[in-house]
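Hi everyone, thanks for making time for this. I'd like to walk you through a structure that is probably new to most of you, so let's put it up on the screen.

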Amino acid sequence: MTDVELRDPAFTERYRAIAARDSRFDGQFYTAVRTTGIYCRPSCPARTPKTENVSFYLTSAAAHEAGFRACKRCLPEAAPGTPAWDLRRDLTGRAMRLVADGVVDREGVSGLAQRLGYSERQLHRLLVGELGAGPLALARAQRAQTARTLLVGTSLRLADVAFAAGFGSIRQFNDTVAEVFGATPSELRARARRPARSGAAGSRAAREIGRMPRDRSVDGPSSGHPTEVATTAAEPVRISLTLPVREPFDARGVLEFLAVRAVEGVESADLGVGVLRYARTVLLPHGPAAFEVRVPRPGSGRVDLDLELADLADAPVAVARVRRLLDLDADPVAVDSSLAADPVLAPSVGAVPGIRVPGTLDPAELLVRAIVGQQISVAAARTHLSRLAKGVGTPYVSAFEGLGLLFPTPRQIAGPPAPRADGRGRADGAVADIVASNGVPTRADVPSAQDGAAYLRLPARTLATVLGAARDLADGTLTLSVGDDPDDLRRRLVARPGIGPWTAGYVALRVLGDPDVLMDGDVALLAGARNLGLVSAEESRPHQFKELAVRGAAWAPWRSYAAMHLWRSA
């Protein structure tokens with residue numbers, strides 16, 4: 001620690017957090033101790049180090065790059081992620097969201113740089129200056145974290161873990177795990193399965209083995225070839241994991257939000273007494289997939305996740321997207337403390353602690369849903385979307401109850417592409433890939449002449465907006481991703497016919513995880529504000545919207561979470 005660090009208010013605040021072993025900050029920064037050469041989570045039970053021996057890092061990758069290894073006692077890689085990357089609207093936040101989604105592993109540093117609009121050299125320099133680690137180091141840390149999760153949470157062969165985590169070779173996997181965690185992969189797994197720690201993790205692993213296809217070994221010795229996990233293209237890989245979450249966690253609230261909007265066949269939910277379950281299908285980079293989440297009990301600090309994958313390489317992407325869907329990396333104490341400062345909103349915050357803002361698994365799908373939902377009720381939008389999925393979506397065979405369809409791709413919604421110069425049409429590659437990897441022959445092998453318009457009984461203007469967006473998404477004219485700049489995303493969407501500030505704000509809220517969105521003109525928000533007494537019921541609607549905007553300024557930077565309270569009240 002330097003004199004500059006001593007005078008830094010952030011250093012003082014973080015040191016106070018580690019002295020108090022405050023678990024609220026786990027995953028939001030890492031504590032590196034020079035005398036031991038390890039880095040820890042803030043709540044590590046070890047003796048608090050002296051200030052002169054401490055350095056703080058925003059990412060585990062920066063700690064790795066500085067020569068530190070993970071603490072074997074507090075397991076910093078097992079902590080929830082940080083909400084900072086959603087709060088930050090700068091290059092760093094955008095880059096970290098894309099790294100978590102696996103862009104570096106799929107497209108390389110050049111692909112990440114292209115998405116962000118920078119050269120590779122500029123991007124590396126900016127990230128090292130801001131985070132202490134470049135794109136490759138950040139992706140390497142992500143792979144190490146995925147590997148640890150699969151090692152301790154499943155019985156997959158070590159070679160399969162290496163492949164799923166994104167390592168290029170077994171040697172690279174072994175070297176990285178040893179360097180980061182100070183143990184071999186086998187030792188890391190054995191340590192997690194000692195009798196004192198076997199409880200829930202052991203039962204999850206047993207359930208996973210029971211669901212594996214019989215001809216797929218998960219316990220035998222590694223063959224050295226990680227891709228041998230799948231014996232046929234059509235045979236899904238099934239694994240079970242446990243995801244950490246910061247408490248309090250309003251699990252019922254976030255799952256209810258998804259359940260009332262669930263598209264038939266694509267999503268399924270069960271929110272009965274003592275049961276909190278949500279499942280759905282999704283198209284991942286390597287093929288179609290499905291997942292099911294269950295919350296075992298309130299306050300457990302975990303969510304159980306079952307994955308059904310076309311390719312094990314999609315495991316880290318699936319985990320990252322489910323975490324974003326359920327907003328598992330939020331800081332509920334910071335959000336609740338800030339919103340409770342408003343005396344009128346405080347009772348709602350007290351009644352529903354740990355409220356979450358649901359994200360999305362597929363930005364393109366979310367845009368279609370948002371457009372369809374303009375000016376109609378949630379139930380009506382669900383009916384339209386279910387009809388659309390049944391009409392042009394691809395069938396999918398799943399072991400999870402209630403699932404049987406993939407939500408239509410933009411090309412399926414827009415209809416077949418324009419004929420070629422020779423007068424013949426061309427089959428849509430994405431649809432063909434879905435059918436081939438799922439092993440279910442359907443009419444989607446060759447696109448039909450019918451687009452989604454036949455199944456969406458919407459006003460002509462709204463229908464044209466849906467089809468126009470689908471066409472542009474299909475041909476790449478319009479792109480949406482978690483790495484978009486929030487302001488640029490809104491500008492691009494509002495510039496399109498039929499899309500206004502409300503739709504653009506809603507997309508930013510759910511695609512980017514923007515925590516500070518209060519949608520303009522949302523009548524449900526206004527109804528909730530009236531119910532809570534936040535606006536005057538006697539005033540005109542335009543005046544009420546202005547009053548809500550003024551009142552909401554005090555809720556920054558957590559206006560998206562305040563919106564969830566208002567929607568709930570409505």
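I'll start with the whole protein, then go through two groups of strands, some helices and finally one residue in a loop.

Before anything else, please keep in mind that this is a predicted model. What's in it? The protein has 26 helices and 11 strands. There are 570 residues, and buried ones make up 55% of them. If you take the contacts with a separation of 6 or more, 68% of them are between residues 24 or more positions apart.

Okay, strands. Near the start of the chain numbering we have an open sheet of four strands, in the order E3-E1-E2-E4, and the pairing is mixed. Which strands sit at the edges? Those are E3, residues 54–57, and E4, residues 69–70, and each of them pairs on one side only. Strand E1, residues 30–33, pairs with E3 in the antiparallel sense, over four bridges. If you want a spot to look at, find Val33, which stands opposite Val54 in E3. Now add a helix to that picture: H2, residues 9–19, lies across E1 and E3, and it runs at about 105° to E3.

Further along there's another set of strands, and E7 is the one to follow. E7 covers residues 277–284, and seven of its eight residues are buried, so this strand is largely enclosed by the rest of the structure. What does E7 pair with? On the one hand, there's E6, residues 267–270, which pairs with E7 in the antiparallel sense over four bridges. Within that pair, Glu267 stands opposite Arg280 of E7. E6 and E7 form a hairpin with six residues between them, and in that turn you'll find Gly274 with a positive phi of about 80°.

On the other hand, E7 pairs with E8, residues 287–294, again antiparallel, this time over eight bridges. Leu283 has Pro288 in E8 as its bridge partner. Here the hairpin from E7 to E8 goes through two residues.

Now for some helices. H9, residues 158–165, has seven of its eight residues buried, so it is largely enclosed by the rest of the structure. The buried ones are Ala159, Asp160, Val161, Ala162, Phe163, Ala164 and Ala165. And what covers them? The cover includes H6, H8, H10, H11 and H14. Right after H9 comes Gly166, with a positive phi near 100°.

Two of those covering helices also pack against each other. H8, residues 135–153, and H11, residues 185–192, meet at an angle of about 50°, with their axes 8 Å apart. That angle is why we call them oblique to each other. The crossing of H8 and H11 is right-handed. From H8, the contact uses Arg148, Leu150, Leu151 and Val152, and from H11 it uses Pro185, Leu188, Arg189 and Ala192. Sorted by type, that contact has six nonpolar residues, no polar ones and two charged ones.

Last stop: Ser481. It's in the loop between helix H21 (460–475) and helix H22 (486–494). Is Ser481 buried or exposed? Its relative accessibility is 13%, so Ser481 counts as buried. Leaving out residues up to four places away in sequence, Ser481 touches Leu98, Arg115, Pro363, Val511 and Leu512.

That's the tour, so over to you.

How values were computed: Residues numbered from 1 in each chain as written. Predicted model: local features only at pLDDT ≥ 70, side-chain atom pairs only at ≥ 80, totals over all residues. Heavy atoms only, no water. Buried < 20%, exposed > 50% of the residue type's maximum accessible area, 1.4 Å probe, protein only. Contact = heavy atoms within 4.5 Å. Axes fitted to C-alpha atoms, helices over the stretch in contact; angles between N-to-C directions. Parallel < 35°, antiparallel > 145°, perpendicular 65-115°, else oblique. Left-handed = near helix turned anticlockwise from the far one by under 90°. Nonpolar A, V, L, I, M, F, W, Y, C, P; charged D, E, K, R; others polar. Pairing = 2+ DSSP bridges.
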